[in-house]
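Me: Hi! I'm new to reading protein structures. Could you go through this one with me?

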Amino acid sequence: MESIKAIYNGTSFVPKEKIPVEAEYEVIITFVKPVQRIIDGCTAGTLPRHTAKGLLKGKIFMAEDFDEPLEEMAEYM
C-alpha cells in the first residue's frame with residue numbers, strides 16, 4: 001500500500017508529490033478536508049487581506065542567546 005497527497009480540482013486529481021508506483025493499481029480515494037488558500041498568513045475568507053498584515057506582531061520572538069554557540073556542538077567547532 002502506498003499513499004500520496006493530491007488535490008482534486010473538480011474534474012481530476014493533481015498529485016502534490018511523485019507517485020511511487022509504475023504498475024496499474026486499484027486505488028481508494030479519501031477526501032480529507034477542503035484545500036485552504038493562505039493569503040498573508042491567514043486562511044482565505046477569514047480576514048480581509050489588508051487586515052492580515054501585522055496579525056502576529058508581538059507573538060513571535062527570538063531568544064536573546066540565539067546566536068550563541070551550543071554546548072552540544074563544542075567538539076565540532
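**Getting to know the chain**

Reply: Happy to! The secondary structure of this chain comes to one helix and four strands. Keep in mind that we are looking at a predicted model.

Me: In what order do the elements of the chain run from the N terminus on?

Reply: There are four strands and one helix to place. Reading from the N terminus, the order is β-β-β-β-α.

Me: What percentage of the residues in the chain is buried?

Reply: A residue counts as buried when its relative accessible area is under 20%. The chain has 77 residues, and the buried share of them is 3%.

Me: Is Tyr8 buried, partly exposed or exposed?

Reply: Tyr8 sits in strand S1, which covers residues 6-8. Its relative accessible area is 40%. Partly exposed is the class between 20% and 50%, so Tyr8 is partly exposed.

Me: How much accessible area does the nonpolar surface patch with Tyr8 have together?

Reply: Tyr8 shares this patch with Phe13, Tyr25, Val27, Ile29 and Phe31. Together, these residues have an accessible area of about 670 Å².

Me: Which element gives the largest share of the lining of the largest pocket?

Reply: The largest pocket has a volume of about 1,300 Å³. Its lining counts 27 residues, and those closest to the centre are Ile4, Lys5, Ala6, Ile28 and Thr30. Two elements, S1 and strand S2 (13-15), give two or more residues to the lining. The largest share, three residues, comes from S1.

Me: How many nonpolar residues are in the lining of the largest pocket?

Reply: Sorting the lining by class gives three polar and five charged residues. The nonpolar residues in that lining number 19.

Me: How far apart in space are the C-alpha atoms of Pro15 and Lys5?

Reply: Pro15 belongs to strand S2 and is partly exposed, at 40% relative accessibility. Along the chain, Pro15 and Lys5 are 10 residues apart. Their C-alpha atoms are separated by 6.2 Å.

Me: Is Lys16 buried or exposed?

Reply: Lys16 lies in the loop between S2 and strand S3 (38-39). The relative accessibility of Lys16 is 56%. The cut-off for exposed is over 50%, so Lys16 counts as exposed.

Me: What is the C-alpha to C-alpha distance between Lys16 and Ala6?

Reply: In sequence, Lys16 and Ala6 are 10 residues apart. In space, their C-alpha to C-alpha distance is 5.0 Å.

Key:
Residues are numbered from 1 along each chain as its sequence is written. This is a predicted model: local features need pLDDT of at least 70, side-chain atom pairs count only at pLDDT 80 or more; totals for chains, interfaces and linings use all residues. Side-chain values use heavy atoms; hydrogens and water are left out. Patches are made of residues with over 30% relative accessible area and no salt bridge: like charges are joined within 9 Å, nonpolar side chains (Val, Leu, Ile, Met, Phe, Trp, Tyr) within 5 Å. Accessible areas come from the Shrake-Rupley method with a 1.4 Å probe; for residues, only the protein chains shown count as cover. A salt bridge is a side-chain nitrogen of Lys or Arg within 4 Å of a carboxyl oxygen of Asp or Glu. Buried means under 20% relative accessible area, exposed over 50%, partly exposed in between (1.4 Å probe, protein chains only). On a 1 Å grid over the protein atoms alone, a cavity is a set of points where a 1.4 Å probe fits but cannot get out, and a pocket is an open set with protein on both sides within 12 Å along at least five of seven lines; lining residues have an atom within 4 Å of a point. Grid points are joined across faces, edges and corners, and a volume is the space filled by probe spheres set on the points. Ala, Val, Leu, Ile, Met, Phe, Trp, Tyr, Cys and Pro count as nonpolar, Asp, Glu, Lys and Arg as charged, and the others, Gly among them, as polar.
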